Amino acid sequence: MNKNVQAIYEELSATAGLTFIPKQGIAYGKFDSFNVIINGNNGTSPFTPLISFFASTDGESVTAEECRNIRNGVDGIGDCKPNAEGIEITVCMCSGKDKFIGYCMDSLKTGAQFLKDNGYKNACPGCNRDISASPQKIGGTYMMVCDECYGSAVERSKQLKLVDKKERSVLGVFGAVLGSVIGAVCIVLLGHFGYVTAISGLVMAFATLLLYRLFSGKLTIRGGIISLVIMILMTFAAHYVNNAILFRAPISLAEYTLWDAMKEMPTKYFDPAFREFRRRFFGYLWLLYLYVFVGCVPFIVSLFRKKRAENQIATLGREENE
Ligand SMILES: [Zn+2]
């Protein structure tokens, strides 16, 4: 949020009797007896904030249809949906400070009145009690929850971290080497048929990363990088052996071993007679690396998903004080 937007939110918060936290771009507090959060960091524009009401009812919850209907005759409401606790309103896009604040106030008033009309009371979404609550980020969502419910959310996340296994890197490297050997064998055995390059590359990535995870207990970004280095080296080695076999094939001399071929190959690098051989060597090598990378993608995705999950609980007020 830039300074101009912040100033507008300060004014909105003052008008609505809410407290503004510039760092997160949210305003929170009680509006017409309901706990409410205005999230300005919702979507693409700070001028289409999400307003969440936290309430509960003993009777029936409002339906999505009823929610949609509250837009009728209210310019400021872009969308309204029921959530697990109360309702949430997306404010309509508009231009101009006064109009924006007007739209937000309309949304707040209409939302609170709608909840009252439908028998809702202010409540903490964790325990449904009407007690004092503070703004927190739980499961990636901003909520007004009581201290007790926030405490148990933190406790739960701690327990998740306790059962989180420790990474045993040395064993992991052993596993990765073992996995890459499987991949290398695959490259050499299947290497004579061009189309299986893809399979060999995928096997290399999967075997290396899976065995790293199996032996180390878990895969971290550091483990992923170690595995990647092993993969790059082993893929090159296997591809090299593979080509040495091809290199040696036309030479039928029994005393010309594979080892001799491997030693002689680099000396032919600038030999025009081996231009085609060189072109094929690098052509397949890059293709192989491409498939190794493709095989890594699912692991990279799961790594980042986990990282995001770890950052989902935070105390807003405390973050601001730091
Ligand atoms: Zn609670």
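Which residues of α1 are buried? In this predicted model, the buried ones are Y9, L12, S13 and A16. Looking around the helix axis, they take up an arc of only 100 degrees, which puts them on the same side of α1. Over on the other side of α1, K3 and N4 are exposed. And what sits over the buried residues? The cover for the buried residues of α1 includes β1 (19–21), β2 (26–31) and α3.

That brings us to α3, one of the elements covering α1. Its buried residues are F100, Y103, C104, S107, L108, G111, A112, F114 and L115. If you look down the axis of α3, these fall within an arc of 160 degrees, so they line one face of the helix. Flip to the other side of α3 and you find D98, Q113 and D117 exposed.

Do the helix lengths add up? Here is how each helix works out at 1.5 Å a residue.

| Helix | Residues | Expected span | Distance between end C-alpha atoms |
|---|---|---|---|
| α1 | 3–16 (14 residues) | 20 Å | 20 Å |
| α3 | 97–117 (21 residues) | 30 Å | 30 Å |

For α1, the end C-alpha atoms are 20 Å apart, which agrees with the expected span. For α3, the 30 Å between the end C-alpha atoms agrees with expectation too.

Now for what comes after each helix. α1 is followed by G17, which has a positive phi near 75 degrees. Just after α3 comes G119, with a positive phi of about 80 degrees.

How values were computed:
Residues are numbered from 1 along each chain as its sequence is written. This is a predicted model: local features need pLDDT of at least 70, side-chain atom pairs count only at pLDDT 80 or more; totals for chains, interfaces and linings use all residues. Helices (H or I, at least four residues) and strands (E, at least two) are DSSP runs, numbered from the N terminus. The expected span of a helix is 1.5 Å times one less than its number of residues. A residue is buried if 20 or more other C-beta atoms lie within 10 Å of its own, exposed if 12 or fewer, and partly exposed in between; C-beta atoms are placed from the backbone. The arc is that of the directions from the helix axis to the C-beta atoms. Two residues are in contact if their C-beta atoms, placed from the backbone, lie within 7 Å.
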